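Me: Please fix the basic terms first, and then let us examine the architecture by question and answer.

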Amino acid sequence: MRYFRRFRMEFNFSEHEVPDPELPPGYRFVAWKPEDLDRHAVTKFACFRNELDSQVFPSLATLDGCRRLMLEIASQRTFLPPATWLICRVGEGSNPEPIDCGTIQGLANGRDAGSIQNVGVCPDHRGSGLGRALVLQSLIGFQAAGLRRVFLEATAENAPAVELYRSVGFRLIRTTFRQVPDQSPTASD
Ligand SMILES: CC(C)(COP(=O)(O)OP(=O)(O)OC[C@H]1O[C@@H](n2cnc3c(N)ncnc32)[C@H](O)[C@@H]1OP(=O)(O)O)[C@@H](O)C(=O)NCCC(=O)NCCS
């Protein structure tokens, strides 16, 4: 077995203002549409396939796993479209098709609390503020839905994610451990 330390973090709207997200030139947000479910799954796979969290959650290591996960998230009664976004890079020149490069999903867990699922930015697009923009855009959606607090979990060793959440205003409320069977990855897609 492998044990991963996980941070449960909370954002409280009464403690922080949510600034408007800023996207670098050439990027835009795409609001949730049911027909975009597969775009989220494919983007999720591209973001997580070689990352620490695909060891913690093996479904993130395969395209099939990401498709199942997206279907599971989007079919929950608590699924929250206003907190669910893609970021795409607008097509240009001889490549007019937009390229999806970031994804985030939200659930409304209780009467006043929500949770963020699986924030991801594709490797070639990291370090330009897209991760922060996704989290802020999602928080605005949670707030518009009347929720007061938003929770998420991050693997403690995942410094980019933990620092991103801290920098936005999430605070650590609990440390947990996730136990994962020790086996070599089977991902091939
Ligand atoms: C975590 C992740 C979403 C960050 O996306 P990103 O677009 O690169 O992040 P941003 O450019 O918006 O950075 C925002 C802040 O995050 C933190 N951060 C981002 N990359 C970092 C790094 N490599 N090391 C430390 N902190 C980092 C910084 O605080 C940064 O603020 P700054 O630019 O003012 O220093 C991205 O690395 C990713 O998709 N990782 C793989 C999937 C994953 O693990 N997701 C998290 C699941 S909980």
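Reply: Helices (H or I, at least four residues) and strands (E, at least two residues) are DSSP runs, numbered from the N terminus. Residues are numbered from 1 along each chain as its sequence is written. The model is predicted: local features need pLDDT of at least 70 and side-chain atom pairs count only at pLDDT 80 or more, whereas totals for chains, interfaces and linings use all residues.

Me: In what order do the 7 strands of the open sheet lie?

Reply: Two strands are taken to pair if DSSP finds at least two bridges between them. The edge positions of the open sheet, whose pairing is mixed, belong to strand 2 (27-31) and strand 7 (171-180), each of which pairs on one side only. From one strand to the next the twist averages 25°. Read across the sheet, the order of the 7 strands is 2-3-4-5-6-1-7.

Me: How many bridges join strand 1 to strand 7?

Reply: Strand 1 (residues 2-12) and strand 7 run antiparallel. Within strand 7, R178 stands opposite F4. The number of bridges joining strand 1 to strand 7 is 9.

Me: Which residue of strand 6 is the bridge partner of G114?

Reply: G114 is also the bridge partner, in strand 5, of A108. Strand 4 and strand 5 pair in the antiparallel sense over 6 bridges and form a hairpin with 4 residues between them. Strand 5 and strand 6, by contrast, pair in the parallel sense over 3 bridges. In strand 6, the bridge partner of G114 is V150.

Me: Which residue of strand 4 stands opposite I87?

Reply: Strand 3 and strand 4 run antiparallel and are joined by 5 bridges. Strand 4 is mostly covered, with 9 of its 10 residues buried; a buried residue has 20 or more other C-beta atoms within 10 Å of its own, an exposed one 12 or fewer, and a partly exposed one a count in between, with C-beta atoms placed from the backbone. In strand 4, the residue opposite I87 is G102.

Me: Is N118 buried or partly exposed?

Reply: N118 is found in strand 5, which is mostly covered, with 7 of its 9 residues buried. Phi of N118 is near 45°, a positive value in a residue other than glycine. Because 19 other C-beta atoms lie within 10 Å, N118 is classed as partly exposed.

Me: What angle does the direction of helix 1 make with that of strand 4?

Reply: Helix 1 has 12 residues and reaches 17 Å from its first C-alpha to its last, close to the 16 Å expected at 1.5 Å a residue (1.5 Å times one less than the number of residues). Its buried residues include H40, F45 and F48, and their cover includes helix 2 (53-56) and helix 3 (63-74). Contact requires C-beta atoms, placed from the backbone, within 7 Å, and angles run from 0 to 180 degrees between N-to-C directions, with axes fitted to C-alpha atoms, for helices over the stretch in contact. Helix 1 packs on the sheet, touching strand 3 (85-89), strand 4 (99-108) and strand 5, and its direction makes with that of strand 4 an angle of about 105°.

Me: Which element gives the largest share of the shell around the ligand?

Reply: A residue is near the ligand if its C-beta atom, placed from the backbone, lies within 6 Å of it; of the 22 residues around the ligand, R126, G131, P160, E163 and L164 come nearest. Two or more residues each come from helix 1 (37-48), strand 5 (113-121), helix 4 (130-144) and helix 5 (159-168). The shell divides into 10 nonpolar, 7 polar and 5 charged residues, where Ala, Val, Leu, Ile, Met, Phe, Trp, Tyr, Cys and Pro count as nonpolar, Asp, Glu, Lys and Arg as charged, and the others, Gly among them, as polar. The largest share, 6 residues, comes from helix 5.

Me: What distance separates the C-alpha atoms of N95 and M1?

Reply: N95 is found in the loop between strand 3 and strand 4. N95 is exposed, because 9 other C-beta atoms lie within 10 Å. N95 and M1 are 94 residues apart along the chain, and the separation of their C-alpha atoms is 46 Å.

Key. Two residues are in contact if their C-beta atoms, placed from the backbone, lie within 7 Å.
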